[in-house]
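Me: Please take a close look at one part of this model, the strand pairing in its sheets, and then place that part in its surroundings. A formal, connected account would suit me best.

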Amino acid sequence: PRRSYEEQCPGRCNGRGACDGEGFCRCEPGWWGLDCAITMSGGGPPSIELSDREKRRAAAGAAGQARGAHRLPVSVYVYDLPPLLRAGETSFESWFDFELSLQMLRHPLRVADPAAADFFWLMGPSSGAQLVDKLHWARQMYPAWNASVSRGEARHLAMLLSERGPGDVFDNMLLTTSPGLRAAPARAAAARHNHSKRNRRWLDPEISPASRTRAWVQLTHNGLADARTPRGEVAERCVNCFHVGKDIVLPFTPSTIDVPSCEDLRNWSVWSPTRGSRSTGDADRSAGREHLFFFGGRIHPSLEHARFLSYYDGPGSPHVRADILRLKGEPGFFIHNSFLPPPRMRKALGTKAKPAPRVSHLEMERHASFCWVPPGQRYGDARRHVPSSFLGCVPVFTMPESGGRTYDELIRWDDVSLDVPQSHLPRLPSLLRAVSSTRLDAMRQGLGCVWRRLWFSSIYGACLGEDPAEDAFDALLQVLARRARRWRVPPPGALPVAAPQRDYAACGQPSGGAHSWKGEGTPWPLPQAVWEL
């Protein structure tokens, strides 16, 4: 079922047009854009003028005009995509795609002139075919695509917000990084996520999610950089197809598997003001943690249930979750396996397994010092760091390959979490016990700042009294601003100068590292806000 098209018209056309029943704003003369917010006045350049209704919504959300967020040195142009390329219930989180785009349309960093933009926003959810059509449309209709490709930059932003990104919407036979080759048909036939023949057309290197020269940025939940050549195949392929330094990991939405609701956070988070005297200081947030380590979830004995993965090398392929199960019974470790083998597997094993008793993950994470963050059961997104950060349980990431973490260009995860490779899991007990109480307290204190960047308060609402203008959406813009700053070319004779950045593992205190430029003592060409990043 489709949502009301009156709501599908962005911003209800800002009161300056009519929604035509297909999600398209038919704007009044003198106005244009997806939401009829762009105009030209006084013979000057085009500008954006929101209706009073949209201004109120922007002020209540992430726009943050009064707090200076609009001074970030980055600008975004939202393409006027036709409804067929931006509407429809075509992805796992269609509502979230739409809400993110509304936030961008209302934000003061949005520009009316594409020639003035650093990035280009492609609105709407994406099936495989719709995404390909959307990217081709941008390439054919606007010069920005070829201009960014000529500079080797990915400036077009497209959302693939599902557990496995491209692997959930494209035929796996197409997701190969080897031009001219397709993934093994036998393997693709075993995949759960094959789609229609329409998705099987060949994808050129600028468009293909697997291509190393892809010209667009994937906004995704899954940071697994899983391009590899499985045993017995000739083509390197991927499912998640994350490209480090190009794609961006966004935090998962609430009230879903492993991510609690706002009400649960108010009841359980160690940062919740409603917990009263139970969470008044660092000592309380450390107290009552009788478990050293916690993980709860389904643990399949092998990867036979996910043969479509690029990690599958045949029977006996190592499964990261199966490795952690070997530590069950280790002193201080609470590992709960909720996997119930199907009847035929139970028959083959000669067992009469019963469902494991349910446990409260929130309660267990609240009472553990470290919480494991593996990939999903079928190597979907790793999202357990979101609730563990709210609960003061230090995340322990284990990924089969290098990749990206949520906003890792902004958040120094090494200061607030541990990274334990799969090969090191047998040593996990000794590694955790080697962490001093001083370091553990410092990591937990850092999580008290990081969690704000893992929650879209401007969309869901402020659950713990936080400022919606400094939420996960603002973090996305901060990442884009840092990239845009690197791309800018300094004028002749300009000297590099260190520009302090906010360290979001230390509640925004400045730290050095990035670079802008200055000529006669003045930052160029960036506003003063570069010093506040």
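Reply: Strand β6 (residues 119-121) runs parallel to strand β7 (residues 156-160), and the two are joined by 2 bridges. Strands and helices here are DSSP runs numbered from the N terminus, a strand being E over at least two residues and a helix H or I over at least four; two strands pair if DSSP finds at least two bridges between them. The model is a predicted one, in which local features need pLDDT of at least 70 and side-chain atom pairs count only at pLDDT 80 or more, while totals for chains, interfaces and linings use all residues. Residues are numbered from 1 along each chain as its sequence is written, and side-chain values use heavy atoms, with hydrogens and water left out.

Within the β6 and β7 pairing, tryptophan 121 stands opposite leucine 157 of β7. Both strands belong to an open sheet of 5 strands, ordered β5-β6-β7-β8-β9 with parallel pairing. Its edges are formed by β5 (76-78) and β9 (248-249), each of which pairs on one side only. Helix α16 (residues 472-487) packs on this sheet and touches β6, β7, β8 (216-220) and β9, where a contact means heavy atoms within 4.5 Å. The direction of α16 makes about 145° with that of β6; axes are lines fitted to C-alpha atoms, for helices over the stretch in contact, and angles run from 0 to 180 degrees between N-to-C directions.

A further set of parallel pairings involves strand β10 (residues 291-297). All 7 of the 7 residues of β10 are buried, so the strand is largely enclosed by the rest of the structure; buried means under 20% relative accessible area, exposed over 50%, and partly exposed in between (1.4 Å probe, protein chains only). β10 pairs in the parallel sense with strand β12 (residues 368-373) over 3 bridges and with strand β11 (residues 333-337) over 5 bridges. Phenylalanine 294 stands opposite cysteine 371 in β12 and opposite phenylalanine 334 in β11. With helix α9 (residues 320-325), β10 and β11 make a right-handed β-α-β unit; a crossover is right-handed if, with the strands pointing away from the viewer, the path from the first strand over the helix to the second runs clockwise.

Aromatic side chains add to the picture, as the structure holds 19 aromatic pairs. Rings of Phe, Tyr and Trp (its six-membered ring) pair if their centres lie within 6.5 Å; planes under 30 degrees apart count as stacked, over 60 as edge-to-face and the rest as tilted. Tyrosine 77 and tyrosine 79 form an edge-to-face pair, 5.9 Å centre to centre with 80° between the planes. Tyrosine 77 is buried at a relative accessible area of 4%, and tyrosine 79 is buried at 0%. The rings of tryptophan 455 and tyrosine 460 have centres 5.1 Å apart and planes at 75°, so this pair is edge-to-face. Tryptophan 455 is buried, with a relative accessible area of 1%, and belongs to an aromatic cluster that also includes Trp95, Phe96 and Phe390.

The charged end of arginine 214 sits over the ring of tryptophan 216, 4.6 Å from its centre; this requires NZ of Lys or CZ of Arg within 6 Å of the ring centre and within 35 degrees of the ring normal.

For the protein chain, there are 16 helices and 17 strands, and 57% of its 533 residues count as buried.
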